[in-house]
Amino acid sequence: MCGIVGLFLKDRSLEPKLGEMLTDMLITMTDRGPDSAGIAIYTAGSNGRAKLTAQADDPTASFDKLDNALRKAIQGSVSMSIKDTHAVLEIQTDQMAAARSYLTANHPNVRIMSRGETLEIYKEVGLPKNVAERFDIRRMSGSHGIGHTRMATESAVTTLGAHPFNTGMDQCLVHNGSLSNHNSLRRKLRRAGVQIVTENDTEVGAAYLTWKMQNGATLGEALQSSLTDLDGFFTFVVGTKDGFGVVRDPIACKPAVMAETDQYVAFGSEYRALVNLPGIETARIWEPEPATVYFWSHNTAPTEHEKAA
């Protein structure tokens, strides 16, 4: 019984308030999952630069001169900003693979939370209020974001087991439900060269979408395929560089509600997550249909969705 929120801003004047609105939405969902929490924020990007967000249990030791070590290893420009147990390392986009390989091989106490040109993910064990305060999420701005508060069912309560999961550049996923075929699918994806770090079923769902897109599918097509290839109950909210998507399994037993105005599109596991959004009293409110893919993007028509065949 996890809690999910998502907010896609059409009105760019609201971007400075994205962190504040997402934080309030997620805190409202606290009783749906008190184990751990996380928020993905899509911030302004820098031309040719990418962000690698990392976490460490002992940030004082693990992040000490980490930027210098990475700069030397990849022979490129590196900047680092630290927030509590997380650090955002900015590097050249074409050096992302080299940076990840170096950190994995040489700094095992540093765990990679996300990578992308605009994406930053912050997650830890604890209540949403405490997690958001640790990383000062309220003061973050951005174009869209998703959040999750977890009640663990499939794996241990750890930072790595918290949502969102990032398995591709600027791509992340949060999930309410349980996948029953995640073990066999994990083995298949690993054989295909997809990196999966945890035993969490949600990471397998995220990795599946990444794998499909790496093989030529659009996000919409990948989400459509998930309705056939993934067994279990699920509501997915997926973030991409340009927008976010929603899909529920054909039975759709996990709760979900959406709202749309001229200023935003919002998602919540329950309506109470949306009640403080501006203009909610005149918003179009609906429950996303089973086996239906919804997607909003800053680069295409404002709303797109299609019923599964």
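**The largest pocket and the two cysteines**

Lining the largest pocket are 27 residues, and those nearest its centre are Arg100, Ile112, Gln195, Val197 and Glu203. Here a pocket is an open set of points on a 1 Å grid over the protein atoms alone where a 1.4 Å probe fits, with protein on both sides within 12 Å along at least five of seven lines; lining residues have an atom within 4 Å of a point. This is a predicted model, in which local features need pLDDT of at least 70 and side-chain atom pairs count only at pLDDT 80 or more, while totals for chains, interfaces and linings use all residues. Residues are numbered from 1 along each chain as its sequence is written, and side-chain values use heavy atoms, leaving out hydrogens and water.

**Pocket**

- The space in the largest pocket comes to about 540 Å³, a volume being what is filled by probe spheres set on the points.
- At least two lining residues each come from helix H4 (96–106), strand E6 (111–116), strand E9 (165–168) and helix H7 (201–214); helices (H or I, at least four residues) and strands (E, at least two) are DSSP runs.
- E6 gives the most to this lining, with five residues.
- Sorted by class, the lining has 11 nonpolar, 11 polar and five charged residues.

**Cysteines**

- There are zero disulfides in the structure, a disulfide being a pair of cysteine sulfur atoms within 2.5 Å.
- Cys2 is in no disulfide, and the nearest cysteine sulfur, on Cys253, is 13 Å away.
- Cys2 is buried (under 20% relative accessible area, 1.4 Å probe, protein chains only), with a value of 7%.
- Cys253 is partly exposed (between 20% and 50%), at 44% relative accessible area.

Technical notes. Ala, Val, Leu, Ile, Met, Phe, Trp, Tyr, Cys and Pro count as nonpolar, Asp, Glu, Lys and Arg as charged, and the others, Gly among them, as polar.
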